[in-house]
Amino acid sequence: MAEEKRILKCSTGARMVHWSHTICWFILLLTGLVMFSGWFDWLKPVFGGTNGANLIHRIFALVFVAVPLIGLVLKPRSFIGWMKEAAKWGKDEIKFMMMFPLDFIGIKVHMPPQDRINAGQKFNSFFFPIIGFFIALSGFVMWFAESFPLWMVRLAYPVHDICWILGTAQLCFHAYLGSLHPGSGEAFWAMFGDGKVRASWAKHHHTKWYEQVCGKE
Amino acid sequence: MAKTKGYLVDTTKCIACRGCVVACKQWNQLPAEQTRFTGSYQTVPDLTGNTFTIISFHEYEEDGRIRWYFAKRQCMHCLEPVCMKVCPQKAISITDTGAVVRDNDKCVGCQYCAAACPFHIPRYNPTTDKETKCSLCAERTAEGDLPACVKACITGALEYGNRDELLAKAKERVNNLIGDYPNANVYGETQAGGTNILYVLADVPGKYGFEEDPKVSTAITAWQNVIKPYFPWLIALTAAGSIFSFFSTRLLKVGKEAHEGESLHG
Ligand code: SF4
Ligand code: SF4
Ligand code: SF4
């Protein structure tokens with residue numbers, strides 16, 4: 001294939017936040033599991049016992065909260081732009097979501113044209129930040145349990161657990177759909193590479209966006 | 001459950017000498033802590049990571065004179081301990097005699113037991129990064145000794161024995177008191193599903209700083225019965241779904257043109 005035109009899908013800032021959150025999530029997940037259940041005792045030595053896991057969990061919890069805040073302070077406009085994009089829902093998005101299960105199992109469907117981020121990605125754009133917010137909030141209450149009323153501490157545990165479980169469940173889908181699902185390779189290398197995708201891929205998967213960037217043919 | 005043992009705290013016999021508090025410290029080798037005078041005779045303000053029992057003082061003015069209500073506080077050794085159920089490390093267990101004990105090596109200091117306990121007993125010790133509480137001196141009673149606090153009590157306000165016998169005794173005592181103290185009652189028979197530590201109170205529990213009917217919070221039972229056992233399966237489900245899709249998409253597209261002229265990995 002001849003050298004093809006490539007267009008920018010994910011900005012450097014977005015990629016950095018996504019990357020660091022990916023790392024944080026996995027470290028927090030593993031160190032958290034050590035505390036969640038005795039099933040994960042074998043993980044303890046990796047983190048230097050439970051005390052080590054505790055400490056690492058807290059350090060990365062701070063990073064987890066700091067990263068999006070730094071992004072927000074440095075690039076408030078691109079954050080708002082992203083949220084605006086994600087909030088744009090129309091017929092094409094709803095149709096995409098309804099047809100998605102078929103595509104998921106491998107039945108060929110013709111998807112309605114999508115923006116720079118498709119309906120599923122729009123969903124995630126809200127899902128993960130909301131989950132992350134409640135994890136951070138409940139974690140904060142658990143960390144400083146003595147400073148909060150008892151009912152809040154009691155509530156923090158189920159909230160923390162529901163959120164990380166829902167988040168990790170969705171993450172399984174997200175990780176697979178963003179990498180090994182047919183047609184996703186390009187987007188994967190956009191997020192974990194230089195942020196760019198082939199124009200012909202964009203035209204096929206994100207038609208509306210392609211037309212905005214490259215004009216209608 | 002088989003016969004369980006505990007002790008009876010007869011608050012009407014307690015003179016707040018705090019011998020039990022000192023004995024507990026000594027036996028468990030717990031360091032002394034600095035306290036400050038805050039206007040009450042209660043010298044030790046609260047349970048801490050280094051204090052497993054205290055005598056709480058409650059002062060009321062009744063009929064023109066000061067009345068004191070003393071209550072020994074420590075783990076109640078519940079018949080169905082919530083702290084044990086929620087502990088993610090299974091660090092808390094019940095001994096043959098019904099004492100609720102905590103294994104220091106297994107405890108990771110997550111403090112969930114403290115939040116779950118309806119009596120708000122376990123306390124965090126930041127130095128050791130462990131949660132602490134009274135063990136009913138299980139190591140002593142296993143050897144046929146009395147709990148240190150019971151042994152130290154000089155007035156007979158503390159009595160160790162079989163729960164059912166102590167309960168009968170407590171009821172009898174309340175019957176004798178009821179003439180002079182119409183609100184006298186037994187505490188611990190039914191509270192939080194029943195406890196191995198029983199109290200004879202001369203007045204309503206509230207006067208001793210006890211909750212009338214401590215309940216296990218629904219946030220705790222929901223976590224315990226629904227979230228922890230079932231929710232993690234969601235992760236397995238989405239992971240399995242993704243693996244399924246990985247294969248089904250590839251099988252269904254065999255020989256067909258994948259994604260309109262694109263290669264499969266497009
Ligand atoms: S009083 Fe609290 S710490 Fe003691 S056994 Fe009951 S639930 Fe556990
Ligand atoms: S602090 Fe220790 S005893 Fe309490 S729930 Fe956590 S691991 Fe169990
Ligand atoms: S039973 Fe033992 S550990 Fe519990 S309060 Fe008495 S002396 Fe302390």
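Start by selecting Cys14, Cys17, Cys20 and Cys153 in chain B, the four residues that an unreviewed UniProt entry lists under "binding site". They are spread over 140 residues of sequence, yet they cluster in space, with a largest C-alpha distance of 10.6 Å. Bear in mind as you click around that this is a predicted model.

**The cavity beside the first four cysteines**

Keep those residues on screen. What do Cys14(B), Cys17(B), Cys20(B) and Cys153(B) help to line? They belong to the lining of the largest cavity. That cavity holds about 140 Å³ of space, and the count of cavities of 30 Å³ or more comes to five. Show its 16 lining residues and look towards the centre: Cys14(B), Cys17(B), Cys20(B), Cys153(B) and Ala157(B) are the closest to it. Colour the lining by class and you get twelve nonpolar, two polar and two charged residues. For a bit of orientation along the chain, Cys17(B) sits in the loop between strand 1 and helix 1 of chain B.

**A second cysteine set, and ligand 3**

Next, select Cys24, Cys134, Cys137 and Cys149 in chain B, which the unreviewed UniProt entry also annotates as "binding site". This group is spread over 126 residues of sequence but clusters in space too, the largest C-alpha distance being 10.6 Å. Cys24(B) is part of helix 1 of chain B, residues 19–27.

Now bring up ligand 3. Which residues surround ligand 3? You will find Cys24(B), Cys134(B), Cys137(B) and Cys149(B) there, along with Tyr7(B), Asn28(B), Thr53(B), Lys72(B), Ser135(B), Leu136(B), Pro147(B) and Ala148(B). By class, that shell has eight nonpolar, three polar and one charged residues.

**Ligands 2 and 1**

Move to ligand 2. The cysteines in its surroundings are Cys87(B), Cys107(B), Cys110(B) and Cys113(B). Pro88(B), Ile92(B), Arg102(B), Val108(B), Gly109(B), Gln111(B) and Glu131(B) fill out the rest of the shell. Its make-up is seven nonpolar, two polar and two charged residues.

Then go to ligand 1, which has 14 residues around it. The ones that come nearest are Cys75(B), Met76(B), Cys78(B), Cys83(B) and Cys117(B). This shell splits into twelve nonpolar residues, one polar and one charged.

**The strands of chain B**

Switch to a cartoon view and pick out strands 8, 1, 10 and 9 of chain B, which make up an open sheet in the order 8-1-10-9 with mixed pairing. Which strands stand at the edges? Strand 8 (158–162) and strand 9 (185–187) do; each has a single partner strand, so one side of each has no neighbour in the sheet. On average, neighbouring strands here are turned by 25° against each other, direction ignored.

Zoom in on strand 1 (residues 5–10) and strand 10 (residues 198–201) of chain B: they run parallel and are joined by three bridges. To see a pairing up close, label Val9(B) and its bridge partner in strand 10, Tyr199(B).

For an antiparallel pair, select strand 2 (residues 54–62) and strand 3 (residues 65–73) of chain B, which are joined by nine bridges. Glu62(B) has Arg65(B) as its bridge partner in strand 3. The hairpin has two residues between the strands, and Asp63(B) takes a positive phi near 50° there.

**Over to chain A**

Finally, select residues 11–193 of chain A, which the unreviewed UniProt entry annotates as "domain: Cytochrome b561 bacterial/Ni-hydrogenase". The span is 76% helix and 0% strand, and its end C-alpha atoms lie 11 Å apart.

The unreviewed UniProt entry places "transmembrane region" at residues 21–40, 55–74 and 123–145 of chain A. Residues 21–40 are 80% helix and 0% strand, with end C-alpha atoms 23 Å apart. Residues 123–145 are 91% helix and 0% strand, and there the ends are 33 Å apart.

Last stop: the second largest pocket, with about 820 Å³ of space. It is lined by 32 residues, and those nearest its centre are Met35(A), His57(A), Gly139(A), Met142(A) and His160(A). Which helices of chain A each supply at least two residues of this lining? Highlight helix 1 (12–36), helix 2 (49–74), helix 5 (119–143) and helix 6 (150–177). By class the lining counts 22 nonpolar, eight polar and two charged residues.

Key: Residues are numbered from 1 along each chain as its sequence is written. Chains are lettered from A and ligands numbered from 1 in the order in which they are written. This is a predicted model: local features need pLDDT of at least 70, side-chain atom pairs count only at pLDDT 80 or more; totals for chains, interfaces and linings use all residues. Side-chain values use heavy atoms; hydrogens and water are left out. A residue is near a molecule or strand if one of its heavy atoms lies within 4 Å of it. Ala, Val, Leu, Ile, Met, Phe, Trp, Tyr, Cys and Pro count as nonpolar, Asp, Glu, Lys and Arg as charged, and the others, Gly among them, as polar. UniProt positions are given in the numbering used here, feature names are shortened, and annotations may be inferred rather than shown by experiment. Helices (H or I, at least four residues) and strands (E, at least two) are DSSP runs, numbered from the N terminus. On a 1 Å grid over the protein atoms alone, a cavity is a set of points where a 1.4 Å probe fits but cannot get out, and a pocket is an open set with protein on both sides within 12 Å along at least five of seven lines; lining residues have an atom within 4 Å of a point. Grid points are joined across faces, edges and corners, and a volume is the space filled by probe spheres set on the points. Two strands pair if DSSP finds at least two bridges between them. Axes are lines fitted to C-alpha atoms, for helices over the stretch in contact, and angles run from 0 to 180 degrees between N-to-C directions.
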